[in-house]
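Me: I have a protein model open and want to go through it step by step. Can we start with the sheets?

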Amino acid sequence: MNDRQLEQELKALAGKVRLPQEVRESIEVEILKERDKEPVSTGRLITRRHLLWGGAASAGIAAALLGLAILGRPRQGNPGSATAGSDNPFVLRAYAEGVPQGDGSVLTTKFIGTLGSASAMDDGRWCASRDIDLTCEGDGIASIEYSLSGPHVSQAAGQNEEDQTAVGFDALYNGEVGENEAIPDGNGTASSYTVTYDGQADDERAFNRTLYVMFPADDELSEAAELSRQLYDATGFTRPPSWEEAVRQAESNVALSKLLERRSAEILASATLTMTAHLDEGGMQTHAYSIAPREDFDEVLGQWLDSQVEPMAAISCYRDDPDHADVYASALDDIQGIYSQPPDLFVLTEQG
């Protein structure tokens with residue numbers, strides 16, 4: 001990732017969370033130090049949706065998601081690693097590079113990430129998003145259309161008042177606009193979008209393409225969010241938490257994350273991803289895939305999230321404690337190592 005891309009991601013992430021400025025800057029500076037980069041200032045993210053951190057808003061969650069979205073997002077593989085035959089002129093690289101599961105599906109690697117953001121909305125629903133790498137490769141392709149279909153896709157704008165569940169693409173603008181300037185065309189949510197084949201990289205630089213889901217909170221999710229809020233309200237930002245308090249806060253974050261990850265994954269599993277390549281010489285080729293969580297989703301995800309508890313607690317507890325500076329630095333190293341190796345959670349199955 002180059003300097004410009006890193007700066008764009010930091011700016012986007014800073015706009016997604018409610019976090020005291022000094023805490024956010026501390027996190028950003030530490031991440032940049034690890035990358036031997038100079039600190040960059042945070043900017044303003046322009047999005048079509050107004051996202052709120054509800055009861056789960058906290059330094060711990062925000063730090064976790066900031067590091068996760070920067071270090072754990074899907075990463076594009078080596079160009080040219082996927083191949084396409086003459087009768088099949090394009091491929092989704094993530095599918096071509098996936099691990100066959102023996103049942104016609106493949107376990108994808110660095111394709112759909114763990115949650116990059118999760119927000120409680122004004123109407124009581126949650127909105128969760130995941131980065132996705134939709135890079136396609138092939139020859140003789142003019143443009144590629146990406147679309148989603150399924151029971152919740154037609155409700156991508158949230159019109160259905162009974163179900164209130166939606167899944168779609170989200171394009172978070174990576175650049176900046178001046179005061180009172182319009183948001184560029186293409187921003188916002190949609191069930192489909194099209195890019196030129198040669199413009200895939202430019203599109204990715206302009207927008208942070210994600211998959212998002214919206215869903216109403218159930219009792220279990222509401223209770224987990226309320227517990228997290230109460231634990232953070234007990235200490236607020238007036239003083240650092242004790243070690244015991246920090247551990248309980250981190251554990252509550254992890255418990256909430258497990259529920260949000262599972263709910264999001266289940267809704268994604270209701271959608272079919274279709275890619276249509278429009279060819280230079282006319283005609284088109286189409287691939288369609290179902291998305292599903294891997295069989296041991298909860299176990300794999302749980303182990304990864306549980307490993308974050310102690311370093312998250314140490315970051316929260318010792319951030320401003322010079323007597324434990326070494327512990328704090330070690331925890332930052334640990335959490336970045338964890339975020340840099342997110343689990344592969346989804347399988348793709350090509351539809352006939």
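Me: Which strands form the open sheet of 7, and in what order?
Reply: The order is β2-β3-β14-β13-β12-β7-β10, and the pairing is antiparallel. Strands here are DSSP runs of E with at least two residues, helices are runs of H or I with at least four residues, and both are numbered from the N terminus. Two strands pair if DSSP finds at least two bridges between them.

Me: Before I go on, what kind of model is this?
Reply: This is a predicted model, in which local features need pLDDT of at least 70 and side-chain atom pairs count only at pLDDT 80 or more, while totals for chains, interfaces and linings use all residues. Residues are numbered from 1 along each chain as its sequence is written, and side-chain values use heavy atoms, with hydrogens and water left out.

Me: Back to that sheet. Which strands stand at the edges?
Reply: β2 (99–100) and β10 (192–196). Each has a single partner strand, so one side of each is left without a neighbour in the sheet.

Me: How many bridges are there between β3 and β14?
Reply: Strand β3 (residues 105–107) pairs with strand β14 (residues 346–350) over 3 bridges, in the antiparallel sense. S105 stands opposite T349 in β14.

Me: What about V99, where is that?
Reply: V99 is in strand β2. It has a relative accessible area of 39%, so it counts as partly exposed. The cut-offs are under 20% for buried, over 50% for exposed and partly exposed in between, with a 1.4 Å probe and protein chains only.

Me: What does V99 touch?
Reply: Leaving aside neighbours within four places in sequence, V99 is in contact with S105, V106 and L107. Contact means heavy atoms within 4.5 Å. The C-alpha atoms of V99 and V347 are separated by 8.9 Å, and these two residues are 248 residues apart along the chain.

Me: Next sheet. What is the order in the one with 5 strands?
Reply: That open sheet runs β4-β5-β11-β8-β9, with antiparallel pairing. β4 (117–120) and β9 (188–190) stand at its edges with a single partner strand each, so one side of each has no neighbour in the sheet. The twist averages 30 degrees from one strand to the next.

Me: How is β11 joined to β8 and to β5?
Reply: Strand β8 (residues 166–173) and strand β11 (residues 207–216) run antiparallel and are joined by 8 bridges. A171 stands opposite R209 in β11, and the bridge partner of D170 is T210. β5 is joined to β11 by 7 bridges, also antiparallel, and there C127 has M214 as its bridge partner.

Me: Why is β11 described as largely enclosed?
Reply: Because 9 of the 10 residues of β11 are buried, the strand is largely enclosed by the rest of the structure.

Me: Which helix packs on that sheet?
Reply: Helix α7 (residues 243–268), which touches β4, β5 (125–131), β8 and β11. Its direction makes about 100 degrees with that of β11. Angles run from 0 to 180 degrees between N-to-C directions, and axes are lines fitted to C-alpha atoms, for helices over the stretch in contact.

Me: Is R263 in α7 buried or exposed?
Reply: R263, which is in helix α7, counts as buried at 19% relative accessibility. R263 touches F215, P216, D218 and L221, not counting residues up to four places away in sequence.

Me: Different topic. How do α9 and α10 cross?
Reply: The axes of helix α9 (residues 309–318) and helix α10 (residues 325–339) come within 8 Å and cross at roughly 140 degrees.

Me: Which residues meet there?
Reply: P311, M312, A314, I315 and Y318 in α9 meet a set in α10 that includes V327, Y328, A331 and D334. By class, the contact has 12 nonpolar, no polar and 1 charged residues. Ala, Val, Leu, Ile, Met, Phe, Trp, Tyr, Cys and Pro count as nonpolar, Asp, Glu, Lys and Arg as charged, and the others, Gly among them, as polar.

Me: What is odd about K110's phi?
Reply: K110 has a positive phi of about 55 degrees although it is not a glycine. K110 is in the loop between β3 and β4.

Me: And how many helices and strands does the protein have?
Reply: It has 10 helices and 14 strands. Buried residues make up 52% of the 352 residues.
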